[in-house]
Structures are given as C-alpha cells and as structure tokens.
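Student: Before we discuss any labels, could you show me the model, and then explain what each label rests on?

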Amino acid sequence: MHVAIEARRFKVGVQLEPQHTSMADLREAWRRADDLGVDSIWTWDHFRPVHGDVTGTHFEGWTQLAAMAVETSSARIGVLVSCMSYRNPDLLADMARTVDHLSGGRVILGLGAGWYGDEYADYGYHFGAAGERLDAFEQGIVRVKQRLERLVPGPVGPMPLLLGGGGERRTLRLVAEHADAWNVVLSSPDEFLAKNKRLTAWCEQLGRDPRTVQRSVLINDPAAFGRARDFVDAGAEHVMLAVGRPFSFEPVRELLRVAAS
C-alpha cells in the first residue's frame, strides 16, 4: 500500500542503480520505493556498470522505465538523465511520450549532454570535445520540445523537462532558457549553493522568474546522505539518493522523515 507523507518541506527521490543486480531485484525495488511514498523514482542512462566491475550485470534505462511505468502508480519516474548523444532527439521524444502514457502521465524527461567516454567508445558513439557535445545537447533540446508538440497524441499532460549538469557558462544557461527543473550530482552543499546562485543569475539575465525552475540534487555518495538538510538550506527543492543493490531503503526512509519534519 502506498504511504502518503504530507506537508513535506522538499521532495524525495531515489535513483535505483541498474548495475550488479538482477531484473527481479530491480522490479521489487521500484515497487518498494513507490510503496514508501517517494516523490520520484529514477534509473540512469548507461550501457554498462559505472562503479565496480564494468563487465558486471547491467540493464538499459528506457526499457526499464517502460516496465516501471506499469508497475508503479504514484511516484514520478524518469531517466536521470538521458544522454542526448545516444538517441535521435525526435525518437527520444516519442519514447518519452509513449512511456508517459504507460505511466498515466508521470514521466519527467531528463536530458544531459553525456560524459562517459569509455561507454561511448564501447557502443560506437562519437564522443567529441565538450563543446561539441554541448552544441548537440542544445540542438537536441530544441528538437525534443518541437517533436513533443507535434506528436499525436501528445504526452498525457505537460511533461516536465529536467536538464542535468553543473556547467555554469552553458549548461545552466540552457536550464534557464528551456527547463522546468535542474539536477546536479554533488556531495557538497556549498558547491550546490554556488551553482544554484549562478542559475538564478542566468534566469534573471534571460528575463525568467527563477522560481519557475525546480532545483534538485542527486547524492550518490552514501557518506553525504545525512547532509540533506544542508542541501535544502542551499536551495534544493528535490533531494534524490542513489541506491544500489541490495537496495536498502533505510536512508530513503530517513530522508522522508527529514522532509516531513
């Protein structure tokens, strides 16, 4: 049974790492997370393990998300974040729209420029320089948004667009220009605060109300899980914890308690 926790000070999310595990364990994990009452459940967009043995078991993100869509009922779901280099942007928009319908309108579309060079090489993608990937990222964002407007039917409702990354010169500008939400992976609340202020500055420079961009952080270092309050004080409105096998949810339960206090 889904447990609702009301009057939270911030949203709580969990990223279930699809590495060194089984599909049966992943399916159980996302059902448990939904039952706990988290606000969001995420996977990632990689083709092999990011930590540990790179030859270990691993599962692709968007096909997981389709299964998650029909096996959960309350939490928002998404890929944190989809690498723009891995799929034609128009195809990605169509995939997201389809999974959104499977979920009843719960998809958050997360996009990023890509960073894992060894993975690019392993799967035959061109990695290129950072500027080249950012150019493709910017062009892809525009194409995704345009395709979502043309699809019949469109998403169930307005599909939030989340952009990931912390680059202060280009990425945060793109967030201010295009996104409903921003996510960054950090262990330092002070660094988050600095980037958060930079995003606000970009919004003001582009004439956008900074309050219309939700600020979120993914904490993937268990040693920093207890610093959620510090991230909230630094401006995080949505705090996500990365959890791997054996998928212990005690840190998530504690974060839910903090959010409700």
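Tutor: Let us begin with a term: buried means under 20% relative accessible area, exposed over 50%, and partly exposed in between, with a 1.4 Å probe and protein chains only. This is a predicted model, in which local features need pLDDT of at least 70 and side-chain atom pairs count only at pLDDT 80 or more, while totals for chains, interfaces and linings use all residues. Residues are numbered from 1 along each chain as its sequence is written, and side-chain values use heavy atoms, with hydrogens and water left out.

Student: Why is Ser188 called partly exposed?

Tutor: Ser188 has a relative accessible area of 26%, which lies between the limits of 20% and 50%, and therefore the label is partly exposed. Ser188 belongs to the loop between strand S7 (181–185) and helix H7 (189–205), and its C-alpha atom is separated by 8.1 Å from that of Ala224, 36 residues apart along the chain.

Student: How do you know that Glu17 has no salt bridge?

Tutor: A salt bridge needs a side-chain nitrogen of Lys or Arg within 4 Å of a carboxyl oxygen of Asp or Glu. For the buried Glu17, the nearest side chain of opposite charge, Arg245, is 11 Å away, so the criterion is not met. Glu17 lies in the loop between strand S1 (11–16) and helix H1 (23–36).

Student: Which residues is Glu17 in contact with, leaving aside its neighbours within four places in sequence?

Tutor: With contact meaning heavy atoms within 4.5 Å, the partners are Leu26, Trp44, His51, Ala242, Val243, Gly244 and Phe247.

Note on methods. Helices (H or I, at least four residues) and strands (E, at least two) are DSSP runs, numbered from the N terminus. Lys and Arg count as positive and Asp and Glu as negative; His and the chain ends are not counted.
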